[in-house]
Amino acid sequence: MSTAATFQALRTEEGRRNPYPHYAALHATGPVAPLTGSYAASVHGYDAVCRVLRDPAFRVLDAERLSRLMPSWQEHPSLTVLMNSIMFTNGDQHARKRRLITREFTARRVAALADTVTSQVDRLLDGIAELGASGAQVDFMKEFAFPLPSNVIGELLGVPAEDRAWFQPHVTAIGAVLDAGGDSKYPPADKAAAELSAYFADLVRQRRQDPRDDLVTLLSAAGEDEDTLTHEELLSALVLVFNAGFETTTHLLGNGLEVLLRHPAAAKRLREQPELAAPYVDEFLRLEAPAQLTTRWTAVDTEIEGVAVPAGSTVLVLLGAANRDPARFPEPDEFRPDRADNAHLTFSAGAHFCPGALLTTTEAQLAFPRLLARFPGLALAGEPVYRSQLTLRGHTHLPITVA
Ligand code: HEM
């Protein structure tokens, strides 16, 4: 099959559902393939992906690039909020904003959330136990994988519990502007961005008057000097943390559970040896990355592995394919939590490496052993229903029984 045909197959419903045979076909042709159309190349070999992610010539989508693609973008609050955030900023501005955010979002802060995560996990497991007591089907996504990360990020930021349910549809609407599709996504996304910004502006005001031990307080308490996020940057940072940290973690939980349910011997081992949670979670992340791809654009003529990338073009960076590169991971399609040196690229690499990696892995490492211990009869209760996207790959429904 030609590379063009492989990409055509990847774009179908079935290809998004199961991209892995197509990734294998790409690896057979080499680490980088030239493309025609929106992207100059597909970068999928492990070493090539590492190189692109670490090379400053390859930039994340930013205001400069968007101005060329969509001159009217500033009319959309959803896009102005996103473009002000670190995920869509490069170079010195990115380094400045990222330093100001990550100096408050520390390993100590994540460690301090561990007890809260544990009690949230147990509370959600109680709910599942009640719903599934008589053998009834329970949707793991609805009852666990969506509420857990939303509550944990809510705790981290300091969003009151009663406001958190309101966040999910808003965050989803903003995220939708990054997916393919027509202009109909903008009105709901713009409304959501305006409402979320207003909400955070109000929360920032409250925390400045009445400081608490949360990220909103810490990020908004910094002085008025230049070593501070501007008000717009602060609001963008808060919206982005919710946006980037919520559904990605949801799909780590859903994807990881499906792997366990399809590998009963491995599930039994983790039930007996909960101390193996860290390598299990890493292998879930490698095998079933919640975010399968990202992109980079370049303002200068360059190349990767001999494939020309002209100035002004964008490349597709297939993180999920790099994780299954047979040259890097022996038997890449196998679930093997014992792998040595499991340095997957699910959290990206280089300047934009995910700052939420520790929080999300901590959540998953606490959640899976408790779930297995609580429900010895945990089983899949029907065919899971999947989202049909590679940008965010996971389930909409994952039916289980627990009794
Ligand atoms: C399984 C869960 C998660 C996955 C798979 C994931 C994945 C990623 C990836 C791939 C990137 C970089 C994209 C690129 O290089 O183009 C990224 C960036 C980011 N992530 Fe995560 N993420 C997860 C959880 C979280 C959490 C829990 C938070 C926050 C609490 C978070 C906050 C961010 C932020 C703020 C960025 C932008 C960093 C920058 O551009 O400098 N993520 N994430």
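Biologist: Which protein donor does the iron atom of the ligand have?

Modeller: Happy to help: this is a predicted model, where local features need pLDDT of at least 70, side-chain atom pairs count only at pLDDT 80 or more, and totals for chains, interfaces and linings use all residues. Residues are numbered from 1 along each chain as its sequence is written, and side-chain values use heavy atoms, with hydrogens and water left out. Donors here are N, O and S atoms within 2.8 Å of the metal (3.2 Å for Na, K and Ca), and sites may look incomplete because water is not among the atoms. The iron has a single donor from the protein, 2.3 Å away: Cys354 (SG).

Biologist: Thanks! How far is an oxygen atom of the ligand from an N or O atom in the side chain of His352?

Modeller: His352 is among the closest of the 26 residues that surround the ligand, counting a residue if one of its heavy atoms lies within 4 Å. The distance between the two atoms is 2.6 Å.

Biologist: Which helix gives the most to the shell around the ligand?

Modeller: Helices are DSSP runs of H or I with at least four residues, strands are runs of E with at least two, and both are numbered from the N terminus. α7 (91–102), α15, β4 (294–298) and α19 each supply at least two shell residues. With seven residues, the top contributor is α15.

Biologist: At roughly what angle do the axes of α12 and α15 cross?

Modeller: Axes are lines fitted to C-alpha atoms, for helices over the stretch in contact, with angles from 0 to 180 degrees between N-to-C directions. Those of α12 (residues 164–175) and α15 (residues 231–262) come within 10 Å and cross at roughly 95°.

Notes: Polar contact = N/O pair within 3.5 Å; in protein donor to acceptor, adjacent residues only side chain to side chain.
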